[in-house]
Structure formats: C-alpha cells, structure tokens
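Here is a relaxed walk through a two-chain model, going from a few local details out to the chain contact. Have the structure open and follow along.

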Amino acid sequence: MNDTPLLSVRGLTKRFGGLVAVNGIGFDIRPGEILGLIGPNGSGKSTAMKLIMGIERPNAGSVKVNGVEMAGWLPHRIARAGVGIVFQHSRPLHRQTVLEHIKLALLPDSLVKLVADPHVNRRAREIAERVGLSAVMHRHPATLPFADLRRMEMAKAIARDPKVVLVDEPFAGLTQTESQAFSDLIRGFRAEGRAVLLVDHNVKSLAALADRVLAMYLGEHVAEGTAEEVMRNETVRRVYLGGKIETRERTVQASSDKPSILEIDDVGVLYGKARALDGVKLHVREGEFVSVVGLNGAGKTTLFNAVSGLVPYHGTIRFAGQDIKGMSGAAIARAGIVQCPETRELFSDMTVRENLDLGGYHLANDARAEQLAWLFELFPILKSRQTQTARTLSGGEQQMLAIARALMMQPRLLILDEPTLGLAPVILEQLSKAMDMLQKTTPITVLLGEQNVTFALPHADRVYVLEHARIVWEGSPTRFEQEMAEGFLDAPPSTPTQAVRA
Amino acid sequence: MTALLRSRVVWAAALLAILATTLPWWLSGYILGVLTVAYYFGVFAMSWDLLFGFAGEVNFGPTFLIGLGAYSAAMLNAHWSAPIPVCVIAGGVVALIGGLLLAVPALRLRGPYFGLVTLVAVLLLQNAIVIFAGLTGGEIGMMVPDVISVDANHNYWIALAFLIVCAILLFGLSRSAIGLILQASGQDTVGAQALGFNVTKHKLAAFCISAVFSGVAGAMLVFYQGTASVSTVVDLGVGVQIIIAAVLGGRRTILGAVLGSVFLIVAGEFLRPLGQINTFVVAAVALAVILFFPDGLLGNLLRVRERE
C-alpha cells in the first residue's frame, strides 16, 4: 500500500449562519484504503462530504487530492480532477435508458462534441456488466427496483474513473444480499487503488468494510480508529445511546386500564420501491407516555407521518376509536393529534411570539393567554426571547419553541419526533426537565420517537423498539434496560427486511 | 426500443412535413396565411422548449429575444435599406448579443429569479421601443419596405422550409450528446456537476442557441407580415402564447412544440367568429390539456411507451 494520501483533508470548517456544521475536521485516505465517516443525523458528516465534492464551499480548511489544493473549487472541476460521488438518492433522467445514463457519465464536458466517441458505447456496456445491470440496461429508470437505481449511481461514478470515491449511505434501503453485492463493488474500488470514503449513520454497517472509522458529533471529530475501537469508545456510545441509562417508574401508576387513544394495526408504508414501514402494530393509552426507540433510518418519522396523515399507508390507524384513514393532515391535527416534527418546521422569519400565537390561533383570547403563560412557565427562556425571530434562536431554543407551538394547539396526543436531534447535552437536560413537568402537571398523552435512549427512557411508561421498518420489541423501560440496552448499538441489522431512511 | 421509438417520431414528423408541403394545392390562401404564422410560432416554441425542457430554465420572456431580432431586422431594412438576408442574419446576431447580456448575469440566480429577470427584460424592451418611437415607430409599429413575397404559396413554402430546417437542427441537437448533458444539467444540477459537467456553460450555450433561432424567426416573421409591432412580436401575451404552445405540445420533445403552435394559432383563427369567446375557448382547452396531460400531446405518447 502506498503511503502518500490520495485525499488529504485538514481543518475543514463550514458554518451555516450561527450553526457550525463542520468544525475543523481532518483526515487522510491513502490509495486502496476505505475510511468510514459516521455520526448520527445532524452530526455534519454529509456536509463534510459535500465540502469535499465542492457542493458546499468550506469557510476554512484544506482539501487536497493527490497534493492539489481543491477547497473552494466548483464541483465540476473537482469531479474532473478525480473525485467521484455516489449519491444516496438518484435523480434519474426521465426519458433515458440505464445505458444512456452511463454514457452520459462517459461524455466529455464539451459544447461541440455532438456525437459520442465509439468507445463510449462499449465502455458503458462493460460498466453495466460490472455493477450487475446488464440485464436491464435498455430499460428506463422508472421501471427499475431501488437497488438497481443505486447500482446505476454506482455505475455513473465508476464511469468517471475517479481516484477518490465518496459514497453516501452505501447500504440504505438495501436488503442483506444487495448490501453484500454493494460491499463487493466497494471492495473492488479498494483493489483498484482508489481512496474510498463511506458516509453512514451507523458504525455497525461499515464495520466489515472500512479499514478505519472516524466518528463525528455536532460537527466535531470524536473518535477515530478501527471499527471495533470506535464502537467501544465511550464518547461514541454516549452520542448514540446517550450515556448511562436511568429509568424510573411513574409515580401515578399509568393507566393500564385506560382506553387506547391511538391504535395502529398492521401499518405498512412504501417509498417508491423501498419499504419504510412493515406490519407495524402499536397502541397508546390515554395519558400514557410511549417511546419508540430506533436508530436513524429505522422508520420512526415515517410512522409518525402516517399517523399525521402525511404519507399514504396501508393497514388501519384509529384515533379515539375512529379510523382516520383518508382524513387530511389538517383535519387530523384539528382532531387532536399534533406532531412536532424532526425538522421543527418553525416559521423562521416570524418572532417567537408570532409562532406561538399561530399555534393557538383557534383558541379564544383568554384561553390563549392562559396557555401562553403556562408555556412560558414550562420554557422560561422563550419568554425572554418573545420578540426575536425564530431563525436567530439556538438549536435548543428552536426545539423548545417547536414543542411549545405544538402544545399551543392543546393536543390530545402529542407526537415528538427526535426532539434531541443535534442538541448539546446541556440542552437535553433542560428538555428532559420540561418533559417531567409536562407529565406531572398535565394529563397529556405523548408518543416520542428517539434514537437517544437516555432521553427516551426516563419518561416512558412503555417502550417500542423499531428496527428496519419493523417493531422488534415491546416492554417497560426497566425491562428495556435489562434486555435491549447492550444490543441496541451493536445489534446486527436484522436479516430479511429492507431499511430505509425515515 | 428507444431507437425504434425515436425513428417512429421522426417518421411521423417526416410524413406530416410531406403532407404540409402539399397543402397549397388544396387549401385557400387565407388558411395558408394562418399556417405560415403558425410555423414561425413553431420555431419560437421549439427554441423555448430547448431552454425549458432541456436546460430546465423557465424563460418568461421569449419575446425579448424575438423582439430584438424582429426590430433590429426591421430597423436595418427601413432606415438603411439593407437587403432581407442581411437583416435576418443581423436579427439573429442582435438577439444572441442581447441574450448573452441577459443570461450571463441571470443564470447566476437560482430558482424563480431567472424567470423574473427574463420577464422584466420584455418590459424593458417594450418601453425602449415606445421611448425611441422615432426609430422604432413606437406603439403603432413600423412598416418594412421589403417583404419576402406577395404570393401566399411562396410565403407558405418558405415558412415551412424554415420550420423544417430549424426542427432538424434543434431536434438533432436535443438527441445529441450535448442534448443529453443539457438534460442532466436541467434535471439534476448537482448530479451533473458531480459528473464533471460545467452546468452554467451548457445552460448558457442553450440560451444562446435559443436566442439565435428566436431572433432569426422573429426577423422572418417581420418580413412576412411587412410590419414590426409591439403587439405581434414583443407583447407579454405573445410570450405566454408561445409558452402555452410548447407545454401543450409536450415538454422536452422539441417537435411537440410545433404541434402545439399549429393547434393554438389555427384554433384561435377558426374560432374567431365566436368573437370575445374565442380566446377564452382556446385558453380553456390549453388549460385542460396542461392540467390533465401535463406532459403535453407528444410527451404523453412518449411516456406511454416508456412504461412498457
């Protein structure tokens, strides 16, 4: 193995407004080496990849390919200098066949070459064969299964003959056998002496493939080493699991005799060809706090969006005894299911107060004032931020505002989707306190989706584990601690089902 | 399958073209006159489709380019008595220069702003024509001393020949390697860049090509009609009609734009006895097609085959 790095990154930094998405990240990849870049959602790993490709411009730092400084170049120049990328989601052309897509990648960037060179045709066929597309190369992408679309993305990257290959979430949405085929293709890159960067949520899926793994969290470098070393690393475990797990049984013995307010029965969701949710069965009783725990991509957001009427599903979802299939998202929200989405969806140019007033728009004036006063008690920081526009808030404050706005609607069932996403530990504590207060002072019913087990468990009456689109476990927080906690991060991806990003 | 399909479209187009050449023997001069205008509109719509369907940029001001070509040709002919071929070529060149001046800064903008800039450009041109009424004839328009021909058949054949040449060039371009890169640039900018294509360069080239064809066709139209006026070659309404024709015929098909133009112009003319309702009916039909068949007449046919 050659020791001069093909890709050398130093001090890479990217700021979006006040948010530092990538902070001083650096690494080397030598020819024939595979580096895994891992981190939970919002850790900045995808941004780091885009910075290398030039899709985003870095604020500081250096990206050298074969010794040539490329930071700040436009993507097409970086691509021509030998960097290729395999996107997670392909956006194929509508009227071209698979073979034509591969030919496109073989064309020179010329304004006068009307006819492709004769070797292009032969080369495109060779590449189609190599990635396993030869049987379908004359078909249109719209007719292909998900895995073949990803193969096509791979083929396009191969066609550019890149020295450095960046692969975004190589196994998302693939079955076990398909993942195997992709692993073999990526090993092929290594054998050809290319430098490979794999970006993924989960260290586990890369463990067999990557020579080294670098873990990121909140834009920072947290650990580096072999996959085993990174998996054992305390910080990494804390980032994924949230550190030491504490549970407590609720004082008000929750309501095992209360009626179910939400019943989800055999619900499935398909995104195009990828199965995002498969035969999910779950129920929430009135006044209960239920946590759905699962890694990113397990299907939590999809589940909540199905309940909120935002994605089509099959199976039945009942709310307060009534089948809500076919109801619009707005009607479901008015009926009392309010979701506080992962992406927060604040009105970012409005002030904190305006955001809250909009949430309580349907309330009578005095009821709204009362609700507002109560929320300011729950989140005191929001009171002092009332006149600030939402976009100027910190991530934690934005999350509080999102929850507060949802509560302004006086929901019968509050759905919280990954409220801890990308938040610093100190903010988690504040959120956790607010949850506590919420539970103690109100009869509210909560359905929480979380990757961070430490945040999800203390409040929960019951816990479901969602893995690869299926519910794989159900029980009390205490039992979770005994049975599931160890295996949660290390658990091998369960075999047959397909996983897809939620 | 694609090759077969491609040849089918080409064969159908060739058949239609042959049919079109025979029309003067069995249609009246009046109808031929309507079709002549429709053919020039066909070229406008095809050049617009190259930009919208392939480069993925919505140009709300096709009449900016057409108007530049039309008025520069008309002015050259009226004030300096330049011969028609010189005027037509000059029209293409001026449209190209104007297009470049507009597109180089505008293509830096993202999303709807490119479209807005092109829209404003039309209004600017319209105002400029009114302000410099001494040179341009202002709101009334200007007569040109020369016309292509006074014979309806001749005019018809020239327009048809011009349409066929433009169609072959633009359709050929759209199916070439450059057309492929252009589609990739239009549909997935980031993806195309990651494959090493300078997206801005390709879009700019598409804009230039669109400008030259629009300018030349605008100049030809002036020498067919004998006048250049804001209401026929610059007005926003004309631009909207071109856009509707292209979308009606089928986005990303080039040839569909011709079908759309012929339908729009001919239907508009034949429904004229309806009076005010005429434009309403044509617009309603166009709206229905766009709502229910967003891929347009030809686009829909092509898509049915893709599913196979």
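Start at A:Gly132, which sits just after α4(A) and takes a positive phi of about 85°. Keep in mind throughout that this is a predicted model.

**The helix before that glycine**

Helix α4 covers residues 118–130 of chain A, and its buried residues are A:Ala124, A:Ile127 and A:Ala128. Look down the axis of α4(A) and these buried residues fall within an arc of 100°, so they line one face of the helix. What sits on the face turned away from that buried side? There you find the exposed residues A:Pro118, A:His119 and A:Arg122. As for the lid, the cover over the buried residues of α4(A) includes α3 (98–106) and α5 (146–159) of chain A.

**A leucine with distant company**

Next, go to helix α7 of chain A, residues 203–206, where you will find A:Leu206. Why does A:Leu206 count as buried? The reason is its 24 C-beta neighbours inside 10 Å, where 20 or more is enough for that label. One of the residues it touches is A:Gly36. These two are 170 residues apart along the chain, yet their C-alpha atoms are separated by 6.6 Å. Leaving aside residues up to four places away in sequence, A:Leu206 also touches A:Ile38, A:Leu198, A:Asp200, A:Val213 and A:Ala227.

**Two open sheets in chain A**

Chain A has an open sheet of four strands in the order β2-β1-β4-β5, with antiparallel pairing. At its edges stand β2 (19–29) and β5 (68–69), each with a single partner strand, so one side of each is left without a neighbour in the sheet. Inside this sheet, β1 (residues 7–16) and β4 (residues 60–65) of chain A pair in the antiparallel sense over five bridges. A:Val9 stands opposite A:Val63 in β4(A).

Another open sheet of chain A has four strands in the order β12-β11-β14-β15, and the pairing is antiparallel here too. Its edge strands are β12 (274–285) and β15 (322–323), each of which pairs on one side only. Two bridges join β14 (residues 314–319) of chain A to β15(A), and these strands run antiparallel. If you want a pair to click on, A:Arg318 has A:Asp323 in β15(A) as its bridge partner.

**A strand that is buried on both sides**

Strand β18 of chain A, residues 445–450, is mostly covered: six of its six residues are buried. Which residues point which way from β18(A)? A:Thr445, A:Leu447 and A:Gly449 go one way, A:Val446, A:Leu448 and A:Glu450 go the other, and all are buried. So much for the side chains; now the partners. The strand β13 (residues 289–293) of chain A pairs with β18(A) in the parallel sense over five bridges, and β17 (residues 413–417) of chain A is joined to β18(A) by five bridges, also running parallel.

Here are example residue pairs from the strand pairings above.

| Residue | Stands opposite / bridge partner |
|---|---|
| A:Val9 | A:Val63 in β4(A) |
| A:Arg318 | A:Asp323 in β15(A) |
| A:Val290 | A:Leu447 in β18(A) |
| A:Leu413 | A:Thr445 in β18(A) |

**Over to chain B**

Chain B has 15 helices and two strands. Its radius of gyration is 19 Å, close to the 19 Å that the globule rule gives for 308 residues, so chain B is as compact as a globular protein of that length. Along its principal axes, the C-alpha trace of chain B spans about 55 × 45 × 35 Å. Of its 308 residues, 51% count as buried. Take the contacts in chain B with a separation of 6 or more: residues 24 or more positions apart account for 76% of them.

**Where the chains touch**

In the contact between the chains, 24 residues of chain B meet 27 residues of chain A. On the chain B side, α8 (177–187), α9 (189–194), α10 (199–225) and α15 (296–306) each supply at least two residues. α8(B) gives the most, with seven residues. This side of chain B divides into 12 nonpolar, eight polar and four charged residues.

**How far to trust it**

Chain A averages a pLDDT of 84, and 90% of its residues score at least 70. Where does pLDDT stay under 50? That happens over residues 490–502 of chain A, for which the model has 43 contacts beyond four places in sequence.

Conventions:
Residues numbered from 1 in each chain as written. Chains lettered and ligands numbered in written order. Predicted model: local features only at pLDDT ≥ 70, side-chain atom pairs only at ≥ 80, totals over all residues. pLDDT = per-residue confidence, 0-100. Contact = placed C-beta atoms within 7 Å. Nonpolar A, V, L, I, M, F, W, Y, C, P; charged D, E, K, R; others polar. Rg over C-alpha atoms; globule rule 2.2 N^0.38 Å. Buried ≥ 20, exposed ≤ 12 C-beta atoms within 10 Å, placed from the backbone. Arc of directions from axis to C-beta. Pairing = 2+ DSSP bridges.
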